Amino acid sequence: MKWLAKHRFMILRRLVQITVILLYFGANAWGWTILEGNLGSSLLFKTIPLADPFALLQMSAAGALLGMDVLLGAAIITLFYALIGGRGFCGWICPVNIVTDVANGLRRILRINEIERRVIINRTIRYWILALSIALSAIFGVAAFEFISPIGMLNRGLIFGIGFGGAVIAGVFLFDLFGMKNGFCGHLCPLGGFYSLIGRFSLIRVKHNQERCTLCMKCTEICPEKPVLHMVGKRSEFVVQGECTNCGRCVEVCDDEALHFDIRLLARKS
Amino acid sequence: MSKEKLPPLSERRRFLLQALQGLGLATLGALTWSAYLDEASASSLYLRPPGALAEKDFLSHCIRCGLCVEACPYDTLKLARAGDNVPVGTPYFTARMIPCYMCKDIPCVPPCPSGALNESLVTKMAKDGKETLDITQAKMGVAVIDADQCIAFWGIQCDACYRACPLINEAIVIDASRNERTGKHAFMAPRVIGDVCTGCGMCEKACVTEKASIFVLPLAIAKGKAGSNYIKGWDEKDEKRLETQTGGGATTVTPVSDQKAVDYLNSEEF
Ligand code: SF4
Ligand code: SF4
Ligand code: SF4
Ligand code: SF4
Ligand code: SF4
């Protein structure tokens, strides 16, 4: 029971992640019409288009004049994360998050964290990769990141059959397990960087209550984007940095209820 | 003489070195990535779904959602997996395994959200201006016959491809000629009419030889190009090109060109 409570958001997130894949899979295998396509572009209830705005950005840079459905779909997704979800895509939808979370969990169990060597990659590198994706798309006339995206490979792999893409996913897993803590999602992935940028001002946010904090620092230990929790134990305020994936791990590990999800505007008024 | 100890790096120098390091690594990444993109988008030995834009445009438009794949009732279309030698995640088909059955209602094209599959490329306008989907407009590729291996060219009776073709007698015809070797039989050799063939691959699938002796190649590979300087003078439509042609048709004017070639031909000397 205690375990369940301590993992309530993680369980919920896995449920959402798996349900999304299952709906896509069912659409392909059994003709379900709830959610068709994949994370690149999909059709919800046969009417509402959804599309990956980062892919759209690359394709536009590549010079493609895209169809209405993709444009509308990308607008819907952008609005949703910009206004509400923040970087929630990473915590709640992306299948690679399951892989990197498992790697991270194993790191803790095997205590690999304790032999950590000097960090060689900076967390801002994802924004450079993001810029590079756009630049290379423009130069080569193709969506550059989509050619190598482990997210796309895993997502399609789970829906249509995995193939050699499995090697790329294994690479990400091993990198995160032995190479670097939160190496892929926290440092390299340009899609995560993209959602960090557009989700910066979203309403759903984690809030810290300094008065309750006992400085156990379990939250910063578990957080995949540690720097965003810089205020813990110091000031009561919202986690405002876009890199927070809204995964809620910090909220559930805190034994003192010093962290909780809140809505930015409402809280400000009260 | 003892070696002088170097002074610690100044702030400024440290900053510059870090910037240089970042720049260097970014260039390294960009070069590797570019090389891969170049490689991955260079080959084009695969067949795209009906209504696909020309390969270069197709690659920049397709968002790799798989909606076309899901719509195909024959499981013809596949989304490329890493290692398939097709840009990863894009739809293609292998005619010898499952050809395109040339569905009358072309279910794969309308769901495409990005415009990579374009209805206008498989639409026919009736005389009254009404537009209807017409799969015979499709140009997925063109069938090519290896006359050395096709047993019909050996004199053995086989018209499997001809009968399999959904456009029998239009896209494949049979040429009969006398078999001089036996003196009493005929060669019944298949011939593809390139303008009509849609590249569906039904013929390739049906071919009886161990490896198909008729196979579909993408247009860009199978087709030659005569260039604008050859004109079919006996074809009224083609001759119109003379009037509309711009560029390349420049006329050099020299003192001698006072007299036109035609005048010269018509002068008494001839
Ligand atoms: S950072 Fe990238 S791979 Fe990780 S969860 Fe976010 S989108 Fe997925
Ligand atoms: S026309 Fe029919 S068989 Fe051919 S690719 Fe489209 S859906 Fe599949
Ligand atoms: S439906 Fe269009 S965008 Fe989607 S995979 Fe097929 S061709 Fe690409
Ligand atoms: S010749 Fe072959 S590829 Fe062309 S339309 Fe006929 S069956 Fe299809
Ligand atoms: S099916 Fe193959 S062997 Fe037979 S006529 Fe056609 S190309 Fe030749």
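These legends describe close-up views of a predicted model.

**View 1. The interface of chain A and chain B.**
Chain A brings 42 residues to the contact and chain B brings 30 residues. Together the two chains bury about 2,900 Å². Carbon and sulfur atoms account for 69% of that area. On the chain A side, F140(A), F147(A) and R156(A) supply 23% of the area buried against chain B. No other three residues of chain A supply more. Eight residue pairs are in polar contact across this interface, both residues of each pair being at pLDDT 80 or more. The count of salt bridges between chain A and chain B is zero.

**View 2. The side of chain A that touches chain B.**
Six elements of chain A each give at least two residues to this side: α2 (8–30), β1 (35–37), α3 (53–61), α4 (68–85), α7 (125–140) and α8 (150–160). The largest share, five residues, comes from α7(A). By class, this side of chain A has 26 nonpolar, 11 polar and five charged residues.

**View 3. The shell around ligand 1.**
Ligand 1 is surrounded by residues of chain A. Three are the cysteines C90(A), C94(A) and C185(A), and C189(A) is another cysteine of the shell. F89(A), V96(A), I151(A), F184(A) and L191(A) also belong to the shell. R87(A), N97(A) and G192(A) complete the list. Four helices of chain A give two or more residues each: α5 (88–93), α6 (96–110), α10 (183–188) and α11 (190–198). The shell divides into nine nonpolar, two polar and one charged residues.

**View 4. The shell around ligand 3.**
Around ligand 3 there are 13 residues. Those that come nearest are C62(B), C65(B), C68(B), C112(B) and S114(B). By class, the shell around ligand 3 has 10 nonpolar, two polar and one charged residues.

**View 5. The shell around ligand 4.**
Ligand 4 also has 13 residues around it. Here C165(B), C197(B), C200(B), G201(B) and C203(B) come nearest. The class count for ligand 4 is 10 nonpolar, three polar and no charged residues.

**View 6. The two domains of chain B.**
The domain assignment splits chain B into domain 1 (34–138) and domain 2 (142–220). Taken over C-alpha atoms, the domain centres are 25 Å apart. Domain 1 of chain B gives 15 residues to the contact, and domain 2 of chain B gives 19 residues.

**View 7. Where domain 1 of chain B meets domain 2 of chain B.**
The two domains bury about 1,200 Å² between them. Carbon and sulfur atoms give 63% of this area. In domain 1 of chain B, L47(B), R96(B) and M102(B) lose the most area to domain 2. Together these three residues make up 48% of what the domain 1 side buries. Between the domains, six residue pairs are in polar contact, both residues of each pair being at pLDDT 80 or more. There are zero salt bridges between domain 1 and domain 2 of chain B. The side of domain 1 that touches domain 2 has 12 nonpolar, two polar and one charged residues.

**View 8. A salt bridge within chain A.**
Over all chains, the structure holds 16 salt bridges. One of them joins K6(A) and D255(A), with the closest N and O atoms 2.8 Å apart. The pair links distant parts of the chain, 249 residues apart. K6(A) sits in helix α1 (residues 2–6) of chain A. D255(A) sits in the loop between α13 (249–253) and β5 (259–263) of chain A.

Technical notes:
Residues are numbered from 1 along each chain as its sequence is written. Chains are lettered from A and ligands numbered from 1 in the order in which they are written. This is a predicted model: local features need pLDDT of at least 70, side-chain atom pairs count only at pLDDT 80 or more; totals for chains, interfaces and linings use all residues. Side-chain values use heavy atoms; hydrogens and water are left out. Domain bounds come from an automatic or database domain assignment. Contact means heavy atoms within 4.5 Å. Buried area is the accessible area (1.4 Å probe) that two parts lose on being put together, summed over both. A salt bridge is a side-chain nitrogen of Lys or Arg within 4 Å of a carboxyl oxygen of Asp or Glu. A polar contact is a pair of N or O atoms within 3.5 Å; within protein, one must be able to donate a hydrogen and the other to accept it, and residues adjacent in sequence count only if both atoms are side-chain atoms. Ala, Val, Leu, Ile, Met, Phe, Trp, Tyr, Cys and Pro count as nonpolar, Asp, Glu, Lys and Arg as charged, and the others, Gly among them, as polar. A residue is near a molecule or strand if one of its heavy atoms lies within 4 Å of it.
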